[in-house]
Amino acid sequence: MTDAQAAELARENEELRQQLQEADELISAIRTGAVDALAVQSADGPRIFTLQSADQGYRTLIEQMNEGALLLSADGTILYGNASLAGLLELQLQEFIGSSFERFVPREFSAYWQLLFKTGWSSKSKGELPLLAKSGMLRPFLVSMNVLTFDALPVLAVILTDISAQQEIRHVRAQVEEQNALLVRKNQELKEQEAEHLTISQAAAEANRMLEGIPQIAWTADPQGRLTYLNQQWFYYAGHHHLEAISEQLPARLHPEDAAAATARWQNSLHTGHALEVECRLLSRAGHYRWMLGRALPSRNEQGDIIQWIGTYTDIHEHKLAQERIDQAQRQLQENNERLTRVNVDLDNFIYTASHDLKAPINNIEGLLHALLPELVDPAATGSQVPLLLGMMQESVDRFKRTIEHLTEVTKLQKENDQPMAVVDLATVIREISLDLAPLLAEAGGQVQVTVDACPTVSFSEKNMRSILYNLLSNALKYRSPDRVTHIHIRCESHGSNVVLMVQDNGLGIREAFQPKLFTMFQRFHDHVEGSGIGLYMVKKMVENAGGRIEVQSTEGVGSTFTIYLKR
(Lines give C-alpha, C1' and ligand atoms only; values in the text may rest on other atoms or scores of the structure.)
Protein backbone atom coordinates (compact mmCIF):
# COMPACT_ATOMS: atom_id res chain seq x y z
CA MET A 1 0.00 0.00 0.00
CA THR A 2 1.37 3.39 -0.92
CA ASP A 3 1.48 6.38 1.36
CA ALA A 4 -1.20 8.14 -0.68
CA GLN A 5 -3.61 5.22 -0.34
CA ALA A 6 -2.99 5.06 3.42
CA ALA A 7 -3.70 8.77 3.75
CA GLU A 8 -6.99 8.40 1.77
CA LEU A 9 -8.13 5.55 4.05
CA ALA A 10 -7.32 7.58 7.14
CA ARG A 11 -9.35 10.51 5.82
CA GLU A 12 -12.41 8.30 5.06
CA ASN A 13 -12.18 6.73 8.57
CA GLU A 14 -12.24 10.19 10.10
CA GLU A 15 -15.38 11.17 8.12
CA LEU A 16 -17.17 7.96 9.17
CA ARG A 17 -16.18 8.58 12.79
CA GLN A 18 -17.67 12.10 12.67
CA GLN A 19 -20.95 10.83 11.08
CA LEU A 20 -21.22 8.14 13.76
CA GLN A 21 -20.70 10.73 16.46
CA GLU A 22 -23.43 12.95 14.98
CA ALA A 23 -25.80 9.96 14.87
CA ASP A 24 -25.05 9.13 18.47
CA GLU A 25 -25.74 12.72 19.49
CA LEU A 26 -29.02 12.73 17.58
CA ILE A 27 -30.15 9.47 19.17
CA SER A 28 -29.24 10.84 22.59
CA ALA A 29 -31.20 14.02 21.94
CA ILE A 30 -34.21 12.06 20.81
CA ARG A 31 -34.05 9.83 23.92
CA THR A 32 -33.86 12.82 26.26
CA GLY A 33 -36.74 14.61 24.52
CA ALA A 34 -34.61 17.49 23.37
CA VAL A 35 -35.46 16.65 19.73
CA ASP A 36 -38.66 15.13 18.19
CA ALA A 37 -37.90 12.98 15.21
CA LEU A 38 -39.67 10.69 12.76
CA ALA A 39 -38.15 8.25 10.28
CA VAL A 40 -40.01 8.08 6.99
CA GLN A 41 -39.17 5.72 4.13
CA SER A 42 -38.66 7.71 0.91
CA ALA A 43 -37.38 6.98 -2.60
CA ASP A 44 -33.82 7.84 -1.43
CA GLY A 45 -34.06 5.56 1.60
CA PRO A 46 -35.03 6.30 5.24
CA ARG A 47 -35.23 9.99 6.07
CA ILE A 48 -35.29 11.51 9.59
CA PHE A 49 -37.62 14.47 10.20
CA THR A 50 -36.87 16.40 13.40
CA LEU A 51 -38.30 19.27 15.38
CA GLN A 52 -35.28 21.03 16.85
CA SER A 53 -35.25 22.41 20.38
CA ALA A 54 -34.97 25.87 18.85
CA ASP A 55 -38.63 25.42 17.76
CA GLN A 56 -39.72 24.50 21.26
CA GLY A 57 -41.74 27.68 21.70
CA TYR A 58 -43.77 26.95 18.56
CA ARG A 59 -44.23 23.37 19.70
CA THR A 60 -45.53 24.51 23.08
CA LEU A 61 -48.01 26.82 21.33
CA ILE A 62 -49.24 24.07 19.05
CA GLU A 63 -49.57 21.61 21.91
CA GLN A 64 -51.71 24.12 23.86
CA MET A 65 -54.14 24.61 20.96
CA ASN A 66 -57.67 23.20 21.20
CA GLU A 67 -57.55 22.48 17.48
CA GLY A 68 -55.83 19.48 16.04
CA ALA A 69 -52.59 20.21 14.20
CA LEU A 70 -50.51 17.94 11.99
CA LEU A 71 -47.92 17.94 9.24
CA LEU A 72 -48.34 15.77 6.14
CA SER A 73 -45.75 14.62 3.64
CA ALA A 74 -46.36 14.61 -0.08
CA ASP A 75 -47.82 11.11 0.06
CA GLY A 76 -50.16 11.92 2.96
CA THR A 77 -48.03 10.45 5.80
CA ILE A 78 -48.54 12.10 9.21
CA LEU A 79 -45.10 13.58 10.17
CA TYR A 80 -46.36 15.32 13.27
CA GLY A 81 -49.56 15.66 15.30
CA ASN A 82 -50.42 17.49 18.51
CA ALA A 83 -52.10 16.13 21.63
CA SER A 84 -55.43 17.79 20.82
CA LEU A 85 -55.64 15.81 17.59
CA ALA A 86 -54.82 12.62 19.47
CA GLY A 87 -57.63 13.37 21.91
CA LEU A 88 -60.11 14.12 19.15
CA LEU A 89 -59.24 10.85 17.39
CA GLU A 90 -59.21 8.93 20.71
CA LEU A 91 -55.64 7.75 20.03
CA GLN A 92 -52.14 8.01 21.45
CA LEU A 93 -49.62 10.04 19.47
CA GLN A 94 -47.58 6.98 18.61
CA GLU A 95 -50.72 5.34 17.19
CA PHE A 96 -51.15 7.75 14.30
CA ILE A 97 -47.79 9.54 13.74
CA GLY A 98 -46.11 7.87 10.80
CA SER A 99 -49.34 6.46 9.41
CA SER A 100 -51.39 7.64 6.42
CA PHE A 101 -53.93 10.33 7.21
CA GLU A 102 -56.39 8.72 4.80
CA ARG A 103 -56.99 5.88 7.26
CA PHE A 104 -59.13 8.34 9.28
CA VAL A 105 -61.16 9.54 6.26
CA PRO A 106 -64.49 7.68 5.66
CA ARG A 107 -64.56 5.85 2.35
CA GLU A 108 -67.42 7.90 0.92
CA PHE A 109 -65.36 11.09 1.49
CA SER A 110 -62.12 9.72 0.06
CA ALA A 111 -62.52 11.44 -3.35
CA TYR A 112 -63.33 14.75 -1.68
CA TRP A 113 -60.26 14.44 0.60
CA GLN A 114 -58.00 13.71 -2.38
CA LEU A 115 -59.26 16.85 -4.12
CA LEU A 116 -58.82 18.90 -0.94
CA PHE A 117 -55.32 17.45 -0.37
CA LYS A 118 -54.25 18.13 -3.96
CA THR A 119 -55.56 21.71 -3.80
CA GLY A 120 -53.72 22.33 -0.51
CA TRP A 121 -50.33 21.76 -2.17
CA SER A 122 -50.98 24.47 -4.76
CA SER A 123 -52.73 27.08 -2.59
CA LYS A 124 -54.35 27.60 0.76
CA SER A 125 -57.33 25.29 1.02
CA LYS A 126 -60.34 24.93 3.30
CA GLY A 127 -63.18 22.48 3.58
CA GLU A 128 -65.38 20.42 5.89
CA LEU A 129 -64.55 16.74 6.43
CA PRO A 130 -65.67 14.06 8.90
CA LEU A 131 -62.93 11.89 10.47
CA LEU A 132 -63.21 8.43 11.95
CA ALA A 133 -62.27 8.17 15.66
CA LYS A 134 -60.97 5.01 17.31
CA SER A 135 -64.44 4.23 18.71
CA GLY A 136 -65.87 4.26 15.21
CA MET A 137 -67.75 7.55 15.63
CA LEU A 138 -67.50 10.28 13.01
CA ARG A 139 -66.51 13.79 14.04
CA PRO A 140 -67.04 16.79 11.75
CA PHE A 141 -63.99 19.02 11.23
CA LEU A 142 -63.20 22.27 9.49
CA VAL A 143 -59.96 21.61 7.61
CA SER A 144 -57.44 24.40 6.84
CA MET A 145 -54.25 23.60 4.91
CA ASN A 146 -51.11 25.48 3.90
CA VAL A 147 -47.65 24.49 2.61
CA LEU A 148 -44.64 25.02 4.95
CA THR A 149 -40.93 24.21 4.68
CA PHE A 150 -39.94 21.68 7.30
CA ASP A 151 -36.38 20.36 7.65
CA ALA A 152 -35.57 21.75 4.18
CA LEU A 153 -38.55 19.93 2.64
CA PRO A 154 -42.09 21.18 1.84
CA VAL A 155 -44.83 19.74 4.06
CA LEU A 156 -48.54 20.38 4.31
CA ALA A 157 -49.60 21.96 7.60
CA VAL A 158 -53.17 21.05 8.54
CA ILE A 159 -55.37 22.59 11.26
CA LEU A 160 -58.49 20.57 12.23
CA THR A 161 -61.25 22.43 14.09
CA ASP A 162 -64.01 20.37 15.71
CA ILE A 163 -67.36 21.83 14.50
CA SER A 164 -69.69 19.40 16.33
CA ALA A 165 -71.00 22.18 18.54
CA GLN A 166 -71.45 24.45 15.54
CA GLN A 167 -73.49 21.78 13.77
CA GLU A 168 -75.71 21.47 16.83
CA ILE A 169 -76.16 25.23 16.82
CA ARG A 170 -76.94 25.10 13.13
CA HIS A 171 -79.46 22.34 13.76
CA VAL A 172 -81.20 24.39 16.44
CA ARG A 173 -81.05 27.44 14.21
CA ALA A 174 -82.54 25.42 11.34
CA GLN A 175 -85.40 24.31 13.60
CA VAL A 176 -86.04 27.89 14.64
CA GLU A 177 -85.90 29.06 11.03
CA GLU A 178 -88.24 26.24 9.99
CA GLN A 179 -90.71 27.17 12.73
CA ASN A 180 -90.50 30.83 11.76
CA ALA A 181 -90.99 29.92 8.09
CA LEU A 182 -94.03 27.85 9.03
CA LEU A 183 -95.49 30.83 10.87
CA VAL A 184 -94.76 33.06 7.88
CA ARG A 185 -96.47 30.57 5.57
CA LYS A 186 -99.49 30.35 7.84
CA ASN A 187 -99.74 34.14 7.92
CA GLN A 188 -99.31 34.24 4.16
CA GLU A 189 -102.01 31.61 3.70
CA LEU A 190 -104.38 33.62 5.89
CA LYS A 191 -103.66 36.71 3.83
CA GLU A 192 -104.14 34.76 0.60
CA GLN A 193 -107.41 33.33 1.86
CA GLU A 194 -108.62 36.80 2.71
CA ALA A 195 -107.50 38.02 -0.72
CA GLU A 196 -109.14 35.00 -2.33
CA HIS A 197 -112.42 35.69 -0.56
CA LEU A 198 -112.21 39.27 -1.70
CA THR A 199 -111.34 38.17 -5.25
CA ILE A 200 -114.21 35.69 -5.31
CA SER A 201 -116.62 38.34 -4.15
CA GLN A 202 -115.33 40.76 -6.77
CA ALA A 203 -115.37 38.04 -9.43
CA ALA A 204 -118.95 37.12 -8.53
CA ALA A 205 -119.99 40.74 -8.80
CA GLU A 206 -118.09 41.07 -12.10
CA ALA A 207 -119.59 37.82 -13.39
CA ASN A 208 -123.11 39.00 -12.60
CA ARG A 209 -122.37 42.30 -14.33
CA MET A 210 -121.00 40.46 -17.39
CA LEU A 211 -123.86 37.97 -17.48
CA GLU A 212 -126.31 40.85 -17.40
CA GLY A 213 -124.47 42.51 -20.28
CA ILE A 214 -124.40 39.65 -22.78
CA PRO A 215 -127.16 39.23 -25.40
CA GLN A 216 -127.70 35.52 -24.58
CA ILE A 217 -129.84 34.08 -21.84
CA ALA A 218 -127.44 33.35 -18.94
CA TRP A 219 -127.97 31.21 -15.89
CA THR A 220 -126.16 29.56 -12.99
CA ALA A 221 -126.91 26.37 -11.07
CA ASP A 222 -125.58 24.73 -7.92
CA PRO A 223 -123.59 21.45 -8.07
CA GLN A 224 -126.87 19.49 -7.81
CA GLY A 225 -128.26 21.22 -10.92
CA ARG A 226 -130.78 23.57 -9.25
CA LEU A 227 -131.03 26.96 -10.97
CA THR A 228 -129.76 29.79 -8.77
CA TYR A 229 -129.72 32.73 -11.18
CA LEU A 230 -131.27 33.92 -14.47
CA ASN A 231 -130.17 37.14 -16.14
CA GLN A 232 -132.49 39.83 -17.42
CA GLN A 233 -132.40 38.45 -20.99
CA TRP A 234 -134.37 35.44 -19.79
CA PHE A 235 -137.17 37.63 -18.48
CA TYR A 236 -137.13 39.66 -21.71
CA TYR A 237 -137.63 36.38 -23.59
CA ALA A 238 -139.96 34.40 -21.30
CA GLY A 239 -141.63 37.20 -19.31
CA HIS A 240 -141.77 37.70 -15.54
CA HIS A 241 -143.44 34.93 -13.58
CA HIS A 242 -143.40 36.07 -9.99
CA LEU A 243 -145.21 33.01 -8.64
CA GLU A 244 -142.64 30.59 -10.04
CA ALA A 245 -139.34 29.88 -8.33
CA ILE A 246 -136.22 30.48 -10.42
CA SER A 247 -135.37 26.76 -10.30
CA GLU A 248 -138.68 25.91 -12.07
CA GLN A 249 -138.73 28.50 -14.84
CA LEU A 250 -136.43 26.92 -17.44
CA PRO A 251 -137.72 23.31 -17.16
CA ALA A 252 -141.32 24.52 -17.37
CA ARG A 253 -140.73 26.09 -20.80
CA LEU A 254 -138.99 23.19 -22.56
CA HIS A 255 -140.81 21.81 -25.60
CA PRO A 256 -142.46 18.49 -24.63
CA GLU A 257 -140.66 16.71 -27.50
CA ASP A 258 -137.26 17.98 -26.34
CA ALA A 259 -137.68 17.71 -22.56
CA ALA A 260 -136.60 14.07 -22.15
CA ALA A 261 -133.44 14.35 -24.26
CA ALA A 262 -132.41 17.73 -22.79
CA THR A 263 -132.94 16.51 -19.21
CA ALA A 264 -130.93 13.35 -19.89
CA ARG A 265 -127.98 15.39 -21.25
CA TRP A 266 -128.11 17.70 -18.22
CA GLN A 267 -128.12 14.79 -15.79
CA ASN A 268 -125.17 13.22 -17.63
CA SER A 269 -123.16 16.45 -17.28
CA LEU A 270 -124.01 16.66 -13.56
CA HIS A 271 -122.87 13.05 -13.10
CA THR A 272 -119.64 13.23 -15.15
CA GLY A 273 -118.67 16.89 -14.77
CA HIS A 274 -118.40 17.24 -18.55
CA ALA A 275 -119.49 20.37 -20.40
CA LEU A 276 -123.14 20.55 -21.48
CA GLU A 277 -124.25 21.20 -25.06
CA VAL A 278 -127.85 20.67 -26.08
CA GLU A 279 -130.29 21.93 -28.69
CA CYS A 280 -133.90 22.38 -27.58
CA ARG A 281 -136.94 24.61 -28.00
CA LEU A 282 -138.02 27.10 -25.32
CA LEU A 283 -141.41 28.80 -25.05
CA SER A 284 -141.30 32.60 -25.48
CA ARG A 285 -143.55 35.19 -23.87
CA ALA A 286 -145.38 35.42 -27.21
CA GLY A 287 -146.33 31.76 -26.97
CA HIS A 288 -143.96 30.50 -29.68
CA TYR A 289 -141.22 27.90 -29.35
CA ARG A 290 -137.78 28.90 -30.63
CA TRP A 291 -134.71 26.75 -31.06
CA MET A 292 -131.94 27.41 -28.53
CA LEU A 293 -128.35 26.16 -28.21
CA GLY A 294 -127.69 25.51 -24.53
CA ARG A 295 -124.13 25.34 -23.21
CA ALA A 296 -122.77 25.13 -19.67
CA LEU A 297 -119.37 24.68 -18.00
CA PRO A 298 -118.59 23.71 -14.40
CA SER A 299 -116.78 26.19 -12.15
CA ARG A 300 -114.35 24.45 -9.78
CA ASN A 301 -112.42 25.42 -6.65
CA GLU A 302 -108.69 24.76 -6.05
CA GLN A 303 -109.46 21.20 -4.94
CA GLY A 304 -111.20 20.50 -8.24
CA ASP A 305 -114.70 20.30 -6.76
CA ILE A 306 -117.58 21.81 -8.72
CA ILE A 307 -118.98 24.81 -6.90
CA GLN A 308 -121.48 25.91 -9.56
CA TRP A 309 -122.46 25.66 -13.23
CA ILE A 310 -122.50 28.68 -15.54
CA GLY A 311 -124.52 28.39 -18.74
CA THR A 312 -126.10 30.24 -21.64
CA TYR A 313 -128.91 29.76 -24.16
CA THR A 314 -128.31 31.22 -27.64
CA ASP A 315 -131.16 31.70 -30.10
CA ILE A 316 -130.42 29.55 -33.19
CA HIS A 317 -133.98 29.43 -34.51
CA GLU A 318 -133.19 31.02 -37.91
CA HIS A 319 -130.06 28.92 -38.27
CA LYS A 320 -132.06 25.79 -37.46
CA LEU A 321 -134.68 26.63 -40.07
CA ALA A 322 -131.94 27.31 -42.62
CA GLN A 323 -130.34 24.00 -41.75
CA GLU A 324 -133.64 22.24 -42.28
CA ARG A 325 -133.96 23.91 -45.68
CA ILE A 326 -130.42 22.79 -46.54
CA ASP A 327 -131.22 19.26 -45.42
CA GLN A 328 -134.34 19.29 -47.56
CA ALA A 329 -132.34 20.58 -50.54
CA GLN A 330 -129.74 17.87 -49.97
CA ARG A 331 -132.46 15.23 -49.91
CA GLN A 332 -133.84 16.60 -53.15
CA LEU A 333 -130.33 16.65 -54.62
CA GLN A 334 -129.81 13.06 -53.57
CA GLU A 335 -133.11 12.09 -55.16
CA ASN A 336 -132.09 13.91 -58.36
CA ASN A 337 -128.73 12.14 -58.34
CA GLU A 338 -130.49 8.82 -57.96
CA ARG A 339 -132.77 9.70 -60.89
CA LEU A 340 -129.75 10.76 -62.98
CA THR A 341 -128.01 7.54 -62.08
CA ARG A 342 -131.01 5.57 -63.25
CA VAL A 343 -131.13 7.68 -66.45
CA ASN A 344 -127.41 6.99 -67.05
CA VAL A 345 -128.00 3.31 -66.54
CA ASP A 346 -130.91 3.44 -68.97
CA LEU A 347 -128.75 5.35 -71.48
CA ASP A 348 -125.95 2.82 -71.12
CA ASN A 349 -128.42 0.02 -71.63
CA PHE A 350 -129.88 1.84 -74.63
CA ILE A 351 -126.44 2.37 -76.21
CA TYR A 352 -125.48 -1.22 -75.56
CA THR A 353 -128.82 -2.50 -76.96
CA ALA A 354 -128.73 -0.15 -79.95
CA SER A 355 -125.15 -1.08 -80.83
CA HIS A 356 -126.01 -4.74 -80.44
CA ASP A 357 -129.18 -4.46 -82.54
CA LEU A 358 -127.43 -2.40 -85.24
CA LYS A 359 -124.74 -4.98 -85.72
CA ALA A 360 -127.15 -7.45 -87.31
CA PRO A 361 -128.48 -5.18 -90.14
CA ILE A 362 -125.04 -3.72 -90.90
CA ASN A 363 -123.61 -7.22 -91.10
CA ASN A 364 -126.48 -8.15 -93.41
CA ILE A 365 -125.73 -5.14 -95.68
CA GLU A 366 -122.06 -6.13 -95.76
CA GLY A 367 -123.06 -9.70 -96.65
CA LEU A 368 -125.35 -8.49 -99.45
CA LEU A 369 -122.51 -6.38 -100.87
CA HIS A 370 -120.22 -9.39 -100.92
CA ALA A 371 -123.01 -11.49 -102.55
CA LEU A 372 -123.71 -8.78 -105.15
CA LEU A 373 -120.13 -8.61 -106.45
CA PRO A 374 -120.14 -11.98 -108.31
CA GLU A 375 -123.51 -11.14 -109.94
CA LEU A 376 -122.28 -7.97 -111.58
CA VAL A 377 -120.84 -7.94 -115.10
CA ASP A 378 -117.16 -7.06 -115.02
CA PRO A 379 -117.46 -3.33 -114.38
CA ALA A 380 -113.82 -2.62 -115.15
CA ALA A 381 -114.30 -3.59 -118.82
CA THR A 382 -117.23 -1.19 -119.31
CA GLY A 383 -115.63 1.75 -117.48
CA SER A 384 -118.53 1.81 -115.03
CA GLN A 385 -118.60 3.69 -111.68
CA VAL A 386 -119.74 0.48 -109.96
CA PRO A 387 -116.35 -0.39 -108.36
CA LEU A 388 -116.02 3.14 -106.93
CA LEU A 389 -119.55 3.05 -105.57
CA LEU A 390 -119.05 -0.41 -104.10
CA GLY A 391 -115.82 0.75 -102.42
CA MET A 392 -117.55 3.76 -100.95
CA MET A 393 -120.38 1.55 -99.67
CA GLN A 394 -117.86 -0.81 -98.07
CA GLU A 395 -116.06 2.12 -96.41
CA SER A 396 -119.39 3.37 -95.05
CA VAL A 397 -120.16 -0.07 -93.68
CA ASP A 398 -116.70 -0.20 -92.05
CA ARG A 399 -117.13 3.25 -90.46
CA PHE A 400 -120.56 2.26 -89.20
CA LYS A 401 -119.11 -0.89 -87.61
CA ARG A 402 -116.26 1.10 -85.99
CA THR A 403 -118.72 3.62 -84.61
CA ILE A 404 -120.79 0.82 -83.09
CA GLU A 405 -117.61 -0.68 -81.54
CA HIS A 406 -116.58 2.70 -80.13
CA LEU A 407 -120.03 3.25 -78.61
CA THR A 408 -119.71 -0.13 -76.95
CA GLU A 409 -116.24 0.79 -75.64
CA VAL A 410 -117.53 4.08 -74.24
CA THR A 411 -120.34 2.25 -72.45
CA LYS A 412 -117.83 -0.17 -70.94
CA LEU A 413 -115.55 2.69 -69.93
CA GLN A 414 -118.36 4.45 -68.04
CA LYS A 415 -118.77 1.32 -65.92
CA GLU A 416 -115.05 0.75 -65.29
CA ASN A 417 -114.49 3.31 -62.55
CA ASP A 418 -112.85 0.77 -60.25
CA GLN A 419 -110.27 -0.94 -62.41
CA PRO A 420 -107.79 -2.96 -60.32
CA MET A 421 -104.52 -1.10 -59.72
CA ALA A 422 -101.18 -2.69 -60.49
CA VAL A 423 -97.52 -1.68 -60.62
CA VAL A 424 -97.06 -0.88 -64.32
CA ASP A 425 -93.57 -0.92 -65.82
CA LEU A 426 -93.68 2.03 -68.24
CA ALA A 427 -90.66 1.03 -70.31
CA THR A 428 -92.10 -2.44 -70.94
CA VAL A 429 -95.53 -1.09 -71.93
CA ILE A 430 -94.00 1.50 -74.28
CA ARG A 431 -91.77 -1.13 -75.88
CA GLU A 432 -94.75 -3.44 -76.52
CA ILE A 433 -96.84 -0.58 -77.98
CA SER A 434 -93.91 0.40 -80.23
CA LEU A 435 -93.84 -3.14 -81.59
CA ASP A 436 -97.58 -2.96 -82.32
CA LEU A 437 -97.08 0.37 -84.12
CA ALA A 438 -93.88 -0.69 -85.87
CA PRO A 439 -95.37 -0.47 -89.43
CA LEU A 440 -96.71 3.06 -88.77
CA LEU A 441 -93.40 4.08 -87.15
CA ALA A 442 -91.45 2.71 -90.12
CA GLU A 443 -93.73 4.58 -92.51
CA ALA A 444 -93.17 7.82 -90.58
CA GLY A 445 -89.40 7.20 -90.58
CA GLY A 446 -89.15 8.81 -87.12
CA GLN A 447 -87.95 7.83 -83.69
CA VAL A 448 -89.42 7.50 -80.20
CA GLN A 449 -87.31 8.69 -77.27
CA VAL A 450 -88.18 7.22 -73.86
CA THR A 451 -87.04 8.85 -70.58
CA VAL A 452 -88.77 7.20 -67.64
CA ASP A 453 -85.85 6.57 -65.24
CA ALA A 454 -87.21 9.13 -62.72
CA CYS A 455 -90.38 7.03 -62.23
CA PRO A 456 -89.97 3.69 -63.97
CA THR A 457 -93.24 2.34 -62.52
CA VAL A 458 -96.69 3.80 -61.79
CA SER A 459 -99.68 2.49 -59.89
CA PHE A 460 -102.43 2.23 -62.51
CA SER A 461 -104.64 -0.20 -64.38
CA GLU A 462 -102.28 -1.93 -66.81
CA LYS A 463 -105.01 -2.31 -69.45
CA ASN A 464 -105.95 1.38 -69.27
CA MET A 465 -102.32 2.57 -69.25
CA ARG A 466 -101.66 0.53 -72.40
CA SER A 467 -104.76 2.07 -74.06
CA ILE A 468 -103.77 5.64 -73.06
CA LEU A 469 -100.21 5.39 -74.36
CA TYR A 470 -101.34 3.55 -77.52
CA ASN A 471 -103.82 6.35 -78.37
CA LEU A 472 -101.33 9.17 -77.71
CA LEU A 473 -98.45 7.48 -79.55
CA SER A 474 -100.55 6.45 -82.57
CA ASN A 475 -102.02 9.99 -82.81
CA ALA A 476 -98.50 11.45 -82.75
CA LEU A 477 -97.57 9.19 -85.68
CA LYS A 478 -100.79 9.69 -87.67
CA TYR A 479 -100.77 13.49 -87.33
CA ARG A 480 -97.06 13.89 -88.09
CA SER A 481 -95.72 16.78 -90.13
CA PRO A 482 -94.52 16.01 -93.68
CA ASP A 483 -91.97 18.84 -93.44
CA ARG A 484 -89.68 17.29 -90.78
CA VAL A 485 -88.48 14.00 -89.37
CA THR A 486 -90.95 12.71 -86.80
CA HIS A 487 -89.66 12.83 -83.22
CA ILE A 488 -91.72 11.66 -80.24
CA HIS A 489 -90.48 12.01 -76.65
CA ILE A 490 -92.18 10.04 -73.84
CA ARG A 491 -90.93 11.00 -70.39
CA CYS A 492 -91.99 10.64 -66.75
CA GLU A 493 -91.17 12.90 -63.78
CA SER A 494 -92.02 13.07 -60.05
CA HIS A 495 -93.63 16.32 -58.90
CA GLY A 496 -94.48 16.25 -55.20
CA SER A 497 -97.35 13.81 -54.68
CA ASN A 498 -97.90 13.35 -58.43
CA VAL A 499 -96.37 11.30 -61.20
CA VAL A 500 -96.29 13.35 -64.42
CA LEU A 501 -96.31 11.44 -67.72
CA MET A 502 -95.70 13.48 -70.92
CA VAL A 503 -95.98 12.56 -74.61
CA GLN A 504 -94.42 15.26 -76.82
CA ASP A 505 -94.35 15.33 -80.64
CA ASN A 506 -93.27 17.70 -83.40
CA GLY A 507 -96.33 17.05 -85.58
CA LEU A 508 -99.01 19.23 -87.13
CA GLY A 509 -100.21 20.71 -83.84
CA ILE A 510 -103.72 21.96 -83.04
CA ARG A 511 -105.17 25.41 -83.42
CA GLU A 512 -105.72 27.19 -80.11
CA ALA A 513 -109.43 27.67 -80.91
CA PHE A 514 -109.89 23.91 -81.26
CA GLN A 515 -108.08 22.90 -78.05
CA PRO A 516 -111.02 23.31 -75.59
CA LYS A 517 -112.99 20.74 -77.66
CA LEU A 518 -110.08 18.35 -78.10
CA PHE A 519 -111.31 15.75 -75.58
CA THR A 520 -114.96 15.89 -76.68
CA MET A 521 -116.54 12.80 -78.19
CA PHE A 522 -116.55 12.58 -82.01
CA GLN A 523 -114.41 15.71 -82.46
CA ARG A 524 -111.85 15.64 -85.32
CA PHE A 525 -109.71 18.53 -86.59
CA HIS A 526 -107.78 16.85 -89.43
CA ASP A 527 -109.67 15.14 -92.27
CA HIS A 528 -106.72 13.63 -94.12
CA VAL A 529 -106.38 10.81 -91.51
CA GLU A 530 -108.93 8.08 -90.87
CA GLY A 531 -110.47 8.26 -87.36
CA SER A 532 -113.66 8.46 -85.27
CA GLY A 533 -112.81 11.29 -82.84
CA ILE A 534 -113.39 9.13 -79.79
CA GLY A 535 -109.85 8.09 -78.74
CA LEU A 536 -108.89 11.23 -76.76
CA TYR A 537 -112.31 11.26 -75.09
CA MET A 538 -111.65 7.74 -73.80
CA VAL A 539 -108.10 8.70 -72.71
CA LYS A 540 -109.49 11.59 -70.65
CA LYS A 541 -112.17 9.39 -69.02
CA MET A 542 -109.63 6.70 -68.08
CA VAL A 543 -107.31 9.27 -66.49
CA GLU A 544 -110.11 11.01 -64.59
CA ASN A 545 -111.61 7.70 -63.41
CA ALA A 546 -108.24 7.07 -61.68
CA GLY A 547 -108.33 10.47 -59.95
CA GLY A 548 -105.91 12.18 -62.38
CA ARG A 549 -106.12 14.83 -65.06
CA ILE A 550 -104.79 15.41 -68.58
CA GLU A 551 -103.71 18.68 -70.16
CA VAL A 552 -102.51 19.63 -73.64
CA GLN A 553 -100.19 22.34 -74.91
CA SER A 554 -100.10 22.65 -78.67
CA THR A 555 -98.92 25.09 -81.30
CA GLU A 556 -100.08 24.69 -84.88
CA GLY A 557 -97.16 23.81 -87.14
CA VAL A 558 -94.85 23.09 -84.15
CA GLY A 559 -96.26 20.14 -82.25
CA SER A 560 -98.21 19.02 -79.17
CA THR A 561 -97.47 17.91 -75.61
CA PHE A 562 -100.01 15.81 -73.69
CA THR A 563 -99.35 15.88 -69.91
CA ILE A 564 -100.99 13.34 -67.59
CA TYR A 565 -101.00 13.92 -63.80
CA LEU A 566 -101.48 10.76 -61.72
CA LYS A 567 -101.49 10.30 -57.95
CA ARG A 568 -98.71 8.19 -56.47
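Student: I see an open sheet with mixed pairing, its five strands in the order 14-16-17-19-18. What makes strand 14 and strand 16 a pair?

Tutor: Pairing takes at least two bridges found by DSSP between two strands. Strand 14 and strand 16 (residues 487-495) are joined by five bridges and run parallel, so they pass that test. Within them, Q447 stands opposite H487 of strand 16. Before we go on: this is a predicted model, where local features need pLDDT of at least 70 and side-chain atom pairs need 80 or more, while totals for chains, interfaces and linings use all residues. Numbering starts from 1 along each chain as its sequence is written, and side-chain values use heavy atoms, with hydrogens and water left out.

Student: Which strands of that sheet are called edge strands, and why?

Tutor: Strand 14 (447-451) and strand 18 (549-555), because each pairs on one side only. From one strand to the next the twist averages 15°. Helix 15 (residues 462-478) lies across strands 14, 16, 17 (498-505) and 19 (559-567), at about 25° to strand 17. That angle is taken between N-to-C directions on a 0 to 180 degrees scale, using lines fitted to C-alpha atoms, for helices over the stretch in contact.

Student: What makes C455 and C492 a disulfide?

Tutor: The term asks for two cysteine sulfur atoms within 2.5 Å. Here S to S is 2.0 Å, so the pair qualifies. The structure holds one disulfide. As for what the term stands for, a disulfide is a covalent bond between the sulfur atoms of two cysteines.

Student: Is this disulfide left-handed or right-handed, and how do you know?

Tutor: The torsion about the S-S bond of C455 and C492 is about -130°, so it's left-handed. C455 sits in the loop between strand 14 and strand 15 (457-460) and C492 in strand 16, so the pair ties together parts 37 residues apart in sequence.

Student: Do C455 and C492 count as buried or exposed, and why?

Tutor: Buried means under 20% relative accessible area, exposed over 50%, and partly exposed in between, with a 1.4 Å probe and protein chains only. C455 comes out at 5%, so it's buried. C492, at 3%, is buried too. Elsewhere, C280 has 1% and counts as buried.

Student: Over to helix 9. How do you know that its span agrees with its residue count?

Tutor: Helices are DSSP runs of H or I with at least four residues, strands are runs of E with at least two, and both are numbered from the N terminus. The expected span is 1.5 Å times one less than the number of residues. For the 17 residues of helix 9 (residues 256-272) that gives 24 Å, and the end C-alpha atoms are 25 Å apart, which agrees.

Student: What makes the buried residues of helix 9 line one face?

Tutor: They are D258, A262, W266, S269 and L270. Down the helix axis they fall within an arc of 100°, so they line one face; the arc is that of the directions from the axis to the C-beta atoms. The face turned away carries the exposed A260 and H271. Covering the buried residues are, among others, strand 8 (217-221), strand 10 (276-283), strand 11 (289-300) and strand 12 (306-315); contact means heavy atoms within 4.5 Å.
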